[in-house]
Amino acid sequence: MKNFTITVNGTAYNVSIEERATGEAPAKAAPAAAPAAPAAPAPAAAPAGGAGSVEVTASLPGKVFKVEAAAGQAVKAGDAIVILEAMKMEVPVVAPQDGTIASINVSVGDAVEAGTLLATMN
């Protein structure tokens, strides 16, 4: 195992790389936290009778930069609902499926954590 320190935008990251022989299968390892920004959250079903049947959640911690959709608006899969600002990047949170926005649960400037409910859809 070789250890390296890599600096990205002034932040130092410690990285360990496993050495293995050619053709040898890699060992299973627990995933390490990385500052990657997924483009879309996975939808989760809400309890029946809620504001909407599909929950749209934040995929990473950040700040609400812009709200692109409004309650009652029809959206297609992939349309931006909310734009989050994280690590000096604007990350769109998109509709996981076609539908109608039932509720927007955040406002511009709100700080959110990964998994925070941003909106619901029908």
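These legends walk through several close-up views of a predicted model.

**Figure 1. The whole chain is built from strands and loops, with zero helices.**
Let's start with the big picture. The protein chain has eleven strands, and reading along the sequence gives the pattern β-β-β-β-β-β-β-β-β-β-β. Of its 122 residues, 25% count as buried. The accessible surface comes to about 7,800 Å², and 55% of that belongs to carbon and sulfur atoms. How much of the contact network joins residues at least 24 apart? Taking contacts between residues at least 6 apart in sequence, the share is 49%.

**Figure 2. Four strands line up as an open sheet.**
Follow the strands across and you get the order S8-S7-S5-S10, with antiparallel pairing. Which strands sit at the edges? Those are S8 and S10 (residues 111-112), and each of them pairs on one side only. As a bit of background, strands of a sheet pair through backbone hydrogen bonds, either parallel or antiparallel.

**Figure 3. Strand S5 has a partner on either side, S7 and S10.**
Zoom in on S5, which covers residues 62-67. On the S10 side, the two strands pair in the antiparallel sense over two bridges, and lysine 63 has alanine 111 of S10 as its bridge partner. On the S7 side, four bridges join S5 to S7, again antiparallel. Here valine 64 has leucine 84 of S7 as its bridge partner. Now keep an eye on leucine 84, since this residue also stands opposite valine 91 in S8. So what does a regular strand do with its side chains? In general, they alternate between the two faces of the sheet.

**Figure 4. S7 and S8 form a hairpin with two residues between them.**
This view takes in S7 (80-86), S8 (89-94) and the loop between them. The two strands pair in the antiparallel sense over six bridges. Methionine 87 is in the loop between S7 and S8, and its phi is near 55°, a positive value in a residue other than glycine. Why mention that sign at all? Because most residues other than glycine have a negative phi. Methionine 87 counts as partly exposed because its relative accessible area is 47%, which falls between the 20% and 50% cut-offs. Lysine 88 is found in the loop too. Is lysine 88 buried or exposed? With 82% relative accessibility, lysine 88 counts as exposed. Its C-alpha atom is separated by 9.5 Å from that of glycine 62, and these two residues are 26 apart along the chain.

**Figure 5. Asparagine 9 has a positive phi in the loop between S1 and S2.**
Here's another residue with a positive phi. Asparagine 9 has a phi of about 50°, although it is not a glycine. Where is asparagine 9? Its place is the loop between S1 and S2. Asparagine 9 counts as exposed because its relative accessible area is 78%, and exposed means over 50%.

**Figure 6. Five residues make a nonpolar patch on the surface.**
Look for Phe4, Ile6, Val8, Tyr13 and Ile17: together they make a nonpolar surface patch of about 420 Å². Strands S1 (2-8) and S2 (11-17) each supply at least two residues of the patch. Which strand gives the largest share? That's S1, with three residues. Isoleucine 17, one of the patch residues, is in strand S2. With a relative accessible area of 44%, isoleucine 17 is partly exposed.

**Figure 7. Serine 103 makes side-chain polar contacts with asparagine 105 and threonine 120.**
For the last view, head over to strand S9 (residues 99-104), where you'll find serine 103. Why does serine 103 count as buried? Its relative accessibility is 14%, and the cut-off for buried is under 20%. Which side chains does the serine 103 side chain contact? One is asparagine 105, through a polar contact of 3.0 Å. Another is threonine 120, where a polar contact of 2.6 Å joins the two side chains.

Definitions and conventions
Residues are numbered from 1 along each chain as its sequence is written. This is a predicted model: local features need pLDDT of at least 70, side-chain atom pairs count only at pLDDT 80 or more; totals for chains, interfaces and linings use all residues. Side-chain values use heavy atoms; hydrogens and water are left out. Buried means under 20% relative accessible area, exposed over 50%, partly exposed in between (1.4 Å probe, protein chains only). A polar contact is a pair of N or O atoms within 3.5 Å; within protein, one must be able to donate a hydrogen and the other to accept it, and residues adjacent in sequence count only if both atoms are side-chain atoms. Two strands pair if DSSP finds at least two bridges between them. Patches are made of residues with over 30% relative accessible area and no salt bridge: like charges are joined within 9 Å, nonpolar side chains (Val, Leu, Ile, Met, Phe, Trp, Tyr) within 5 Å. Accessible areas come from the Shrake-Rupley method with a 1.4 Å probe; for residues, only the protein chains shown count as cover. A salt bridge is a side-chain nitrogen of Lys or Arg within 4 Å of a carboxyl oxygen of Asp or Glu. Contact means heavy atoms within 4.5 Å.
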